[in-house]
Amino acid sequence: MPILRQIAQLGQPVLRRVAGKIADPACPAVQALIDDMLITVADANGVGIAAPQVFEPLSLFIVASRPNQRYPHARQMEPTAMINPEIVWVSDEKEKGWEGCLSIPGLRGLVPRHRRIGIRYLTWAGEMREEEYEDFQARIFQHEFDHVHGMVFVDRVESTQDLVTEKEYLRSLNL
Ligand SMILES: [Zn+2]
């Protein structure tokens with residue numbers, strides 16, 4: 001049975017480590033971790049979660065874009081586990097957009113990201129996938145990709161003026 005994992009909060013050293021590659025995606029511990037992360041990200045109203053956020057310094061994350069309380073305008077997709085993810089190419093074009101993080105509750109930041117990216121990863125079944133992401137999904141991928149490299153979104157804002165509380169952010173959406 002999958003279990004809800006505790007989410008590491010900013011200040012936990014695991015969030016600042018470079019995660020290690022997964023040698024064997026089929027390993028039962030990896031499969032169990034993916035199942036745990038899937039229910040943990042859904043329970044927390046997240047649109048993505050990386051293994052270091054549940055105290056596992058491994059190169060693995062879930063991208064799970066869907067509209068929810070925290071991201072009302074997100075696009076719906078099947079939650080996807082990505083093992084040993086890589087960015088193959090990026091568009092020159094960047095776009096600023098609002099991000100939050102389950103490890104940094106209560107804060108949102110305006111973060112510049114590449115608008116389109118080419119990515120590669122192993123699925124939960126160990127199959128290599130190559131895909132193109134754009135807009136919000138590309139943003140989620142880049143956010144989670146940072147997590148497996150010991151970075152968080154506040155490292156990416158151009159100015160501290162681009163940080164706001166979550167309450168003010170949601171108020172600005174006129175919800
Ligand atoms: Zn995050």
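**Exercise 1. Find which residues coordinate the zinc ion, and work out where they sit in the chain.**

*Step 1.* Look for donors, meaning N, O and S atoms within 2.8 Å of the metal (3.2 Å for Na, K and Ca); water is not among the atoms, so sites may look incomplete. Three residues coordinate the zinc ion at 2.0 to 2.3 Å: Cys 101 through SG, His 143 through NE2 and His 147 through NE2.

*Step 2.* Write the spacing of these donors along the chain, and you get C-x41-H-x3-H. Cys 101 and His 147 link distant parts of the chain, 46 residues apart. Cys 101 belongs to the loop between β4 (94-99) and β5 (107-114), while His 147 is in helix α2 (residues 135-147). Here helices (H or I, at least four residues) and strands (E, at least two) are DSSP runs, numbered from the N terminus.

*Step 3.* Ask whether these two residues are buried or exposed. Buried means under 20% relative accessible area, exposed over 50%, and partly exposed in between (1.4 Å probe, protein chains only). Cys 101 has 4% relative accessibility, so this residue counts as buried. His 147 has 0%, so His 147 counts as buried too.

A word on the model: it is predicted, so local features need pLDDT of at least 70 and side-chain atom pairs count only at pLDDT 80 or more, while totals for chains, interfaces and linings use all residues. Residues are numbered from 1 along each chain as its sequence is written, and side-chain values use heavy atoms, with hydrogens and water left out.

**Exercise 2. Describe the largest cavity and its lining.**

*Step 1.* Start with the terms. On a 1 Å grid over the protein atoms alone, a cavity is a set of points where a 1.4 Å probe fits but cannot get out, and a pocket is an open set with protein on both sides within 12 Å along at least five of seven lines; lining residues have an atom within 4 Å of a point. Grid points are joined across faces, edges and corners, and a volume is the space filled by probe spheres set on the points.

*Step 2.* The structure holds one cavity of 30 Å³ or more. The largest cavity has a volume of about 140 Å³. Its lining has 17 residues, and the closest to the centre are Val 47, Tyr 71, Gly 100, His 143 and Glu 144.

*Step 3.* Helix α2 gives the most to this lining, with six residues. Sorted by class, the lining has seven nonpolar, six polar and four charged residues. For this sorting, Ala, Val, Leu, Ile, Met, Phe, Trp, Tyr, Cys and Pro count as nonpolar, Asp, Glu, Lys and Arg as charged, and the others, Gly among them, as polar.

**Exercise 3. Now do the largest pocket.**

*Step 1.* The volume of the largest pocket is about 260 Å³. Of its 19 lining residues, Gly 97, Trp 98, Phe 136, Arg 139 and Tyr 169 are the closest to its centre.

*Step 2.* β4, β5 and α2 each supply at least two lining residues, and the largest share, five residues, comes from α2. By class, the lining of the largest pocket has eight nonpolar, four polar and seven charged residues.

**Exercise 4. Which strands pair with β5?**

*Step 1.* Two strands pair if DSSP finds at least two bridges between them. β4 and β5 run antiparallel and are joined by six bridges. Trp 98 has Leu 110 in β5 as its bridge partner.

*Step 2.* β5 also pairs with strand β8 (residues 163-165), in the antiparallel sense, over three bridges. Arg 108 stands opposite Val 164 in β8.

*Step 3.* Six of the eight residues of β5 are buried, so this strand is largely enclosed by the rest of the structure.

**Exercise 5. Examine the hairpin and the positive phi values.**

*Step 1.* Strand β6 (residues 116-122) and strand β7 (residues 128-134) run antiparallel, joined by seven bridges. They form a hairpin with five residues between them, and Gly 126 in the turn has a positive phi of about 85°.

*Step 2.* Most residues other than glycine have a negative phi. Phe 55, in the loop between β1 (48-50) and β2 (60-63), has a positive phi near 65°. Asp 135, found in helix α2, has a positive phi of about 55°.

*Step 3.* Phe 55 is partly exposed, with a relative accessible area of 32%; Asp 135 is partly exposed at 30%.
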